[in-house]
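Please work through the exercises below with the sequence and the model open beside you. Each task is followed by a solution that goes step by step.

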Amino acid sequence: MASEEASLRALESLMTEFFHNCTTNERKREIEELLNNFAQQIGAWRFCLYFLSSTRNDYVMMYSLTVFENLINKMWLGVPSQDKMEIRSCLPKLLLAHHKTLPYFIRNKLCKVIVDIGRQDWPMFYHDFFTNILQLIQSPVTTPLGLIMLKTTSEELACPREDLSVARKEELRKLLLDQVQTVLGLLTGILESIWDKHSATAATPPPSPTSGESGDLLSSLLQSPSAAKLLNQPIPILDTESECICSLALECLAHLFSWIPLSTSITPSLLTTIFHFARFGCDTRVRKMSSVNGSSQNSVLGQERGRLGVLAMSCINELMSKNCVPMEFEEYLLRMFQQTFYLLQKITKENNAHTVKSRLEELDESYIEKFTDFLRLFVSVHLRRIESYSQFPVVEFLALLFKYTFHQPTHEGYFSCLDIWTLFLDYLTSKIKSRLADKEAVLNRYEDALVLLLTEVLNRIQFRYNQAQLEELDDETLDDDVRSRVEQGQLQVQILTLALFPVLQDNLEVYLGLQQFVVTSGTGHRLNITAENDCRRLHCSLRDLSSLLQAVGRLAEYFIGDVFAARFNDALTVVERLVKVTLYGSQIKLYNIETAVPSVLKPDLIDVHAQSLAALQAYAHWLAQFYSEVHRQNPEQFISLVSTTLEAITPLISSKVQEKLLLSACHLLVSLATTVRPVFLISIPAVQKVFNRITDTSAQQLPDKAQVLVCRALSNVLLLPWPNLPESEQQWAVRSTNHASLISALTREYRQLKSNAILPQRKVQLEDTKVIIHQTLSVLEDIVESISGESTKSRQICYQSLQESVQVSLALFPAFIHQSDVTDEMLSFFLTLFQGLRVQMGVPFTEQIIQTFLNMFTREQLAESILHEGSTGCRVVEKFLKILQVVVQEPGQVFKPFLPSVISLCMEQVYPIIAERSSPDVKAELFELLFRVLHHNWRYFFKSSVLASVQRGVAEEQMENEAQFSAIMQAFGQSFLQPDIHLFKQNLFYLETLNTKQKLYHKKIFRTTMLFQFVNVLLQVLVHKSHDLLQEEIGIATYNMASVDFDGFYSAFLPEFLASCDGVDSNQKNVLGRNFKMDRDLPSFTQNVHRLVNDLRYYRLCNDSLPPGTVKL
């Protein structure tokens, strides 16, 4: 014993030294090596058993358990059976003897080690493994220990890691499934008995004023007073040990629910029991008790009880998310609803001491989060079922949900609840669409609830009612989260109109009344409102007006389409009001006015003005419909709306106006030009003023974004066909001349660059040149993009106007080839041209462009761009490849002569540079180009002769350009050996597409020389687990390849593949081969592939862990 005793002392001092903060890393590495060597010795476990029973040092115990864990999981095959028996008997005895005194983390680790033995040996060599766990649970002294063992068993055996063969995994799952009913019965029994035992001792409080009524409601639901009485029982006060046992039991249930077949396992009584414990989460008494008594013991107890509620809700949410449909479904549903109703009532109950909000603030945050999750699942999964039962009080449930929503203590909680309402509204909308006959009845049932919901949501986004919370949010959050909720109330616009328009009118009157407070001062105009209180009220009113204008904009889509005529008058009122507001803002120039609190009121005034323009822009589609449907009867009204709108827009198109407002005005102008397209737009003086402003080179340039938008609008006014007019009345000739002069004015400076592009430029001059190129190309690119989907005539005129600028760009390109930022912009422009105007550009010029690019992008230039210029250089090459993608997709024979040089550029110049780089740059674009080359030019490689295929019965096409085809396929194969998962997924998809569309895998060259190389690569990828997220896709691709030649796969490839596998012996290879059944359907085949991969990895793991010299039989 002396040696064991001495070893223990030495180990204790080593461990203490290792974790001492003065120990150097060097020394720590020495100690680590010493400990690892000790652990590898055969028989080291005997020492560890002695250490565990004789030490009080946590580090030593943890180390000893790690040695056991390593032995069981990695070396168990090589341990003599006598030793295994001894370990199986000693460790559980050790656990039983010391479980009460061991630190919890040591106890849990010891449990895990015992469960690991069960994972290997139960039931054959460790037949009483599970029986022992059940006995521990049933004996009151060891119940907690038994529950820890049960939870660990569920975690480790139901979803084991891959260090087991598939057959063993299946066996374990089956063994566990046989025990599920017993285990659930035990757990239900434990929870029920603790609840009943403590309920009996809890004093019954006097009935509260609301308890009677909630009882009655639920009694009527259940037609059983006893069930309702059960709900009104007070929550029992549990002692610490019972708390602990219930926590463990609920944790076990939550894990079991994640893998057992729920629908056959869940009983109504188990559900009721779990819901009982969910009530612990909504009990505020515990919190108060702990704060009054102030002892830490009590506060820990309080947290523990809150945790019981959280754990119970986790179990319920697991059931809900799996859409569990048990045998006694009616009763299950009834209980589910009854319990939900009860909990909601309890959480939202008001009494003298508490408002609902203060109750919610007192509850555990994670409980509220889980409860909101539960309500979301409940509404999305079960509401449609429950709503169809007439006896369910759905409206009362919504009233409670309403209370719960609008008393949430946090923004996140409130937004999560609004998501639940969105689900409800989606459900209602689809119900109304599917049952148009009783649409009115459905709406009448919920109308009051919806109006209430909407009014409250509107109040929430108004500073008048909710300033404190709204001030905390920034504008972005407000825009995205709060206001977007308004659009979710559109079941009936009348409902919304009822709630929204009166509030909007109030705030509009304040805004429109500001004119009387504007006074002229020495420097300009000033707003004569100075009292602090008035400024604050004005601030709130303006912020609210912004939100409400946005809400009005969101409603625009509910006035168009089929309901246009029915809701015409409402929409007209809205649009007239918006036009009035925008014109008012522009005329009195509120955006330039001086205020008493400039940092607050000025942004408010600008925001209101910008929002009014944006809201009006939202009605562009309505204006377009007005133009086409009503315009003939009443043109004056329409012309007046558009003209007045333009009067509001034009003063804002100036470099002196704040960008937010300027951009809103530009966007509105674009919508009028693009969506509405009135024929008279160009003759309106306001529009002509903008034309002059933009083409006047002496005027100060607008910011880039605004310049691009205004130019797009003006170009569209001239290019887009007018609605409701025949081709003969489109006045194309005049418009074409005007468009040419517009583009000519916009590109004057740019076109002048051509003459001195060849000369070397000084740095300052170069920067100026770059600015001109950037500004001109961004405008031209946007103009081309905006008409790329339009009629041929529009595109023809556009290209005629642009022709000279395009030729200038091509002439400038070589001069700037080493300035990657300029090349980037030029290639963007050419890419847009190719995508939108390649037909108009004509073949000769397109050929000239491509040839210029191919000449410029030499191997050296590509290497410089990719390797030395960082992301901009890579972007340049990517855009060049994108242009080539457009070219190779072009049908017909026009660009076919370019194919050889495109392929050679890819395979001989770009591919060698990027093949060995780990960076994903350029690769995705290159492989997409190669895919497009194959997909759209299949006959370049495979000349199919119809006659030959008819004569031979099979289409064995003659192959051309074989070397290029092989090189492309090899590049695809190589890409599967690289770590980039996105590239892997993309390229696998490309191969599969080529197989679906062109039968790639069936082609003779692929079948005979490449097929099994690809299968081999895909299987190796699965074995190495390098791209695990794509397991399913790889399995399907392997099947599609193997199915081309199943006989070859089973007779030649599989034996060869197994023969080449290292790390497994011949016997194991035979087993792997036998287990791969000769199935020819997809599900069975992929299952066999995953089994092969799992078992191959398992055998390698076993063989690596055997002691040297082990003889395997």
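The exercises go from the whole chain to helices and then to a single loop residue.

This is a predicted model, in which local features need pLDDT of at least 70 and side-chain atom pairs count only at pLDDT 80 or more, while totals for chains, interfaces and linings use all residues. Residues are numbered from 1 along each chain as its sequence is written, and side-chain values use heavy atoms, with hydrogens and water left out.

**Exercise 1.** Describe the chain as a whole.

*Solution.* Begin with the secondary structure: the chain has 53 helices and four strands, where helices (H or I, at least four residues) and strands (E, at least two) are DSSP runs numbered from the N terminus. Next, consider burial, for which buried means under 20% relative accessible area, exposed over 50%, and partly exposed in between, with a 1.4 Å probe and protein chains only. By that criterion, 54% of the 1113 residues count as buried. Finally, take the contacts (heavy atoms within 4.5 Å): among those with a separation of 6 or more, 75% join residues 24 or more positions apart.

**Exercise 2.** Determine how α21 and α22 are arranged.

*Solution.* Two packed helices are described by the angle between their axes and the distance between the axes. Helix α21 (residues 411-434) packs against helix α22 (residues 439-460) at an angle of about 155 degrees, and their axes are 12 Å apart. The pair is therefore roughly antiparallel, since angles under 35 degrees count as roughly parallel, over 145 as roughly antiparallel, 65 to 115 as roughly perpendicular and the rest as oblique. Residues of α21 that take part in the meeting include Tyr414, Trp421 and Phe424, and those of α22 include Val442, Tyr446 and Arg460.

**Exercise 3.** Check the length of α31 and establish how far it is covered.

*Solution.* Helix α31 (residues 659-676) has 18 residues and should span 26 Å at 1.5 Å a residue, which agrees with the 25 Å between its end C-alpha atoms; the expected span is 1.5 Å times one less than the number of residues. Because 13 of these 18 residues are buried, α31 is largely enclosed by the rest of the structure. Just after α31, Arg677 takes a positive phi of about 50 degrees.

**Exercise 4.** Is Thr595 buried or exposed, and which residues does Thr595 contact?

*Solution.* First locate Thr595 in the loop between α27 (568-587) and α28 (598-618). Its relative accessibility is 13%, so Thr595 counts as buried. Leaving aside neighbours within four places in sequence, Thr595 is in contact with Leu527, Leu601, Lys602 and Leu605.

Technical notes:
Axes are lines fitted to C-alpha atoms, for helices over the stretch in contact, and angles run from 0 to 180 degrees between N-to-C directions.
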